[in-house]
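I opened this notebook to keep track of what I looked up, entry by entry, for someone meeting the structure for the first time.

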Amino acid sequence: MTDFSRLVAVVSIESVRLCEASCRSFVDPSEVAQQINVKASQSTEVVKAPGEDGSDGALMIRASFRMVASSDADEEERQVEVRGVFELSYQVPVDETFSEDELEAFGSINAVFNAWPYWRELVQASLARMNMPVLTVPLYRALPREPENGGVGDAHDATPN
């Protein structure tokens, strides 16, 4: 994975904006399966890079999340689905330049980490408003990667925990 520690050292977050959300219940709350299987996914996209089109040091990353709960007995039997897309705006010093790989690596780890509390709140509030059993989205942790050649690992691999 690309080392983006230089970017982490100089970036500052400006805002986190929910720009798209949807939630859908597929069953009546009284019919929710006793045992459910939860699958989650996420993706990121660099929407605006610093220095693009003569701009200032603005960096914008879009983080998309999806959570589907289905019956443990039948994974095709969806119970509920929640989706959310967040735009994260960052400021980078104008005299700094970063590769596309650095920006993408930053987005896939740091932007997700920054958006995660908003995602957790969206899931919990949406399920409660649908009168569905509330699921607590686990903490998001950046886990150390296994060291190569016996060296010290870094914190670039991340998973929800």
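Entry on Gln79. I began by asking whether Gln79 is buried or exposed. In this predicted model, Gln79 counts as buried because its relative accessible area is 1%, which is under the 20% cut-off. I then placed Gln79 in the sequence and found that it belongs to strand β4, which covers residues 78-91.

I next looked up what surrounds Gln79, setting aside the neighbours within four places in sequence, and noted contacts with Arg24, Ser25, Phe26, Val27, Glu31, Val32, Ala33, Ile36, Ala69, Ser70, Ser71 and Met132. I checked the pair Gln79 and Met132 in particular, and these two are 53 residues apart in sequence, while their C-alpha atoms lie 9.1 Å apart in space.

Entry on the cavity. Which residues line the largest cavity? I listed Val32, Ile36, Ala69, Gln79, Val80, Met132, Pro133 and Leu135, and I sorted this lining into 7 nonpolar residues, 1 polar residue and no charged ones. The structure holds 1 cavity of 30 Å³ or more, and I noted a volume of about 50 Å³ for the largest cavity.

Entry on Phe65. I moved on to Phe65, which sits in strand β3, residues 58-71. Phe65 is classed as buried because its relative accessible area of 4% falls under 20%. Apart from neighbours within four places in sequence, the contacts of Phe65 include Ser41, Gln42, Val82, Phe86, Val112, Ala115, Trp116 and Trp119. From Phe65 to Trp116 I noted a C-alpha to C-alpha distance of 9.2 Å, with their positions 51 residues apart in sequence.

Entry on helix α2. Where in helix α2 does the kink lie? I found it at Trp116, shortly before the proline Pro117, with a bend of about 45° in a helix that runs over residues 100-129. Trp116 is also one of the contacts of Phe65 noted above. After α2 comes Asn131, for which I wrote down a positive phi, near 60°.

Entry on the whole chain. I closed by stepping back to the chain, which has 2 helices and 6 strands, arranged along the sequence in the pattern α-β-β-β-β-α-β-β. Of its 161 residues, 34% are buried, and the chain exposes about 9400 Å², of which carbon and sulfur atoms supply 46%. Taking the contacts with a separation of 6 or more, I noted that 66% of them join residues 24 or more positions apart.

Technical notes
Residues are numbered from 1 along each chain as its sequence is written. This is a predicted model: local features need pLDDT of at least 70, side-chain atom pairs count only at pLDDT 80 or more; totals for chains, interfaces and linings use all residues. Side-chain values use heavy atoms; hydrogens and water are left out. The bend at a residue is the angle between axes fitted to the seven residues ending there and the seven starting there. Helices (H or I, at least four residues) and strands (E, at least two) are DSSP runs, numbered from the N terminus. Buried means under 20% relative accessible area, exposed over 50%, partly exposed in between (1.4 Å probe, protein chains only). Contact means heavy atoms within 4.5 Å. Accessible areas come from the Shrake-Rupley method with a 1.4 Å probe; for residues, only the protein chains shown count as cover. On a 1 Å grid over the protein atoms alone, a cavity is a set of points where a 1.4 Å probe fits but cannot get out, and a pocket is an open set with protein on both sides within 12 Å along at least five of seven lines; lining residues have an atom within 4 Å of a point. Grid points are joined across faces, edges and corners, and a volume is the space filled by probe spheres set on the points. Ala, Val, Leu, Ile, Met, Phe, Trp, Tyr, Cys and Pro count as nonpolar, Asp, Glu, Lys and Arg as charged, and the others, Gly among them, as polar.
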